[in-house]
Amino acid sequence: MGDHPSRRSRTANEFTDQIFTSPINNEILRDEIYCQLMKQLTDNRNQMSEERGWELMWLATGCFPPSTNLLKELSSFLRTRQHIGIAVDSVNRLQKCLRNGVRKYPPHQVEVEAIQHKTTQILHKVYFPDDTDEGFEVESSTRAKDFCQNIANKLGLKSAEGFSLFVKIVDKVISVPEGDFFFDFVRHLTDWIRKARPAREGAQPSFTYQVFFMKKLWIKTVPGRDIYADLIFHYHQELPKYLRGYHKCTREEAAQLGALIYRVSYEDDKTNLARIPEFLNRLVPGDILRAQSADDWKRAIVAVYNRDAGKTTNDAKIGFLKIIYQWPTFGSAFFEVKQTTEPNYPENLLIAINKNGVNLIHPQTKELLSTHPFSKISNWSSGNTYFHMTIGNLVRGSKLLCETSMGYKMDDLLTSYISLMLNNLNKQRRT
């Protein structure tokens, strides 16, 4: 609070980490923190000290509540200071903290900086697959599930099921578990990255992160059923996977899809039709491009485009999804791996994880080699360089070991799909 001079300058987070780490881990110390703060905020004639004390009180009420013995005194203390705006906000934060539970980590840098700048409302930028972004209010007690629901409501989506927050930091994009406090997860992630990449010459590296909101689990996704979800998420998430050549696709389907992709970009503007061979790779998957000449592709795409005259950009996006929806690989997360356990399959494999289970695909022919439903997968694990799973029981089952740096994503997807399916099964049983 500045009453006692510090021998060296420290960042605000260094102080808040020291103050809040122990009480978060030891319940008995929480009352001690609140007692000290109330004591130092009573008849404090040092304005700077008092301001900092209220900042700490605001942070504390977002981290953990006091014991039931002290709750009445703390509530009374805050209510008798209603003329101080931050005290009113602290009462509200305390109520939410009592409902939502104790945080696992001390306040994130964003929270500390917010209150230091006298801002009790934290707006966080969230990015969407259609290259738009929007600010959303996040509180210390906001869990990922609530955050997802708030975003879905604001965007007018019919349901938040299957959607997830993703944090992109350094070279990783990691899904936020829905039960985690949002700021706890980001704090955990930055601490983990910091330990993995030690700073040079004692300088603390700052890890900036971005938050994305995307479709993760494609269980009940039917194109045309939720138009906003199709336009903002489904089309923009499926397009890159299609163009990378992950799906098995005929030339006729590719011409249809190419015409729809063109219409999304240019609508009724025909001036770029003649230039199609120059940007053919933005309309047709790379693996099928060589099936015919650029001029033949242009003729096929233009024929479909003219036939669909009058369609809007939005019609084209939904039309694109309706074609891909027919394929068994629709709504998949794809992983290019090297497998070392199954002699009947090629060494390089394409794995697609979707609502049907784990699908093994031939990387060249795109033939579906086998599908392992989630109910048949008994065990799985991952590390920095591998993903491993057991199909069938542990004694007589078969094993699949893959070399991949994406094991953490495969692991998370498997866990999330199985968890969602079990939840839905339990809901059906209850009803």
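Two aromatic rings, from Phe, Tyr or Trp, count as a pair if their centres lie within 6.5 Å. In this predicted model, ring pairs of that kind link F128, F136, F147, F163, F182, F183, F213 and F233 into a cluster. A search of the whole structure turns up 24 aromatic pairs.

One of these pairs brings together Y242 and F320, with ring centres 5.7 Å apart and planes at 80°. Planes over 60 degrees apart count as edge-to-face, so that is the label this pair gets. Where do Y242 and F320 sit? Y242 belongs to helix α9, which runs over residues 227-243, while F320 belongs to helix α13, residues 313-325. The pair therefore ties together parts that are 78 residues apart in sequence. Are the two partners buried or exposed? Y242 has a relative accessible area of 1% and F320 one of 0%. Buried means under 20%, so Y242 is buried, and F320 is buried as well.

Now for the chain as a whole. It contains 14 helices and 12 strands, and its C-alpha atoms fill a box of roughly 85 × 60 × 60 Å along the principal axes. Of its 431 residues, 45% count as buried. Looking at contacts with a separation of 6 or more, 60% come from residues 24 or more positions apart. The surface adds up to about 22700 Å² of exposed area, with carbon and sulfur atoms supplying 49% of it. As for charge, the chain carries 57 positive and 49 negative charges, and the mean positions of these two sets are 3 Å apart.

What about the cysteines? The structure holds 0 disulfides. C35, for example, is in no disulfide, and the nearest cysteine sulfur, that of C97, is 16 Å away. A disulfide needs two cysteine sulfur atoms within 2.5 Å, so a gap of 16 Å rules out a bond between C35 and C97. C35 counts as partly exposed, at 37% relative accessibility. C148, on the other hand, is buried, with a relative accessible area of 8%.

The backbone has a couple of spots worth a look too. Most residues other than glycine have a negative phi. K118 goes the other way: its phi is near 60°, a positive value in a residue other than glycine. K118 lies in the loop between α6 (109-116) and β1 (122-127). Is K118 buried or exposed? Its relative accessible area is 55%, and exposed means over 50%, so K118 is exposed.

V170 also has a positive phi, near 55°, and it too is a residue other than glycine. This residue is found in the loop between β3 (163-169) and β4 (172-175). V170 is partly exposed, with a relative accessible area of 35%.

Finally, there is S22, which is found in helix α1, residues 12-25. With a relative accessible area of 34%, S22 is partly exposed. How far is the C-alpha atom of S22 from that of S332? The two C-alpha atoms are separated by 43 Å, and the residues are 310 positions apart along the chain.

How values were computed
Residues are numbered from 1 along each chain as its sequence is written. This is a predicted model: local features need pLDDT of at least 70, side-chain atom pairs count only at pLDDT 80 or more; totals for chains, interfaces and linings use all residues. Side-chain values use heavy atoms; hydrogens and water are left out. Helices (H or I, at least four residues) and strands (E, at least two) are DSSP runs, numbered from the N terminus. Buried means under 20% relative accessible area, exposed over 50%, partly exposed in between (1.4 Å probe, protein chains only). Contact means heavy atoms within 4.5 Å. Accessible areas come from the Shrake-Rupley method with a 1.4 Å probe; for residues, only the protein chains shown count as cover. Lys and Arg count as positive and Asp and Glu as negative; His and the chain ends are not counted. The place of a charge is taken as NZ of Lys, CZ of Arg, CG of Asp or CD of Glu. Rings of Phe, Tyr and Trp (its six-membered ring) pair if their centres lie within 6.5 Å; planes under 30 degrees apart count as stacked, over 60 as edge-to-face and the rest as tilted.
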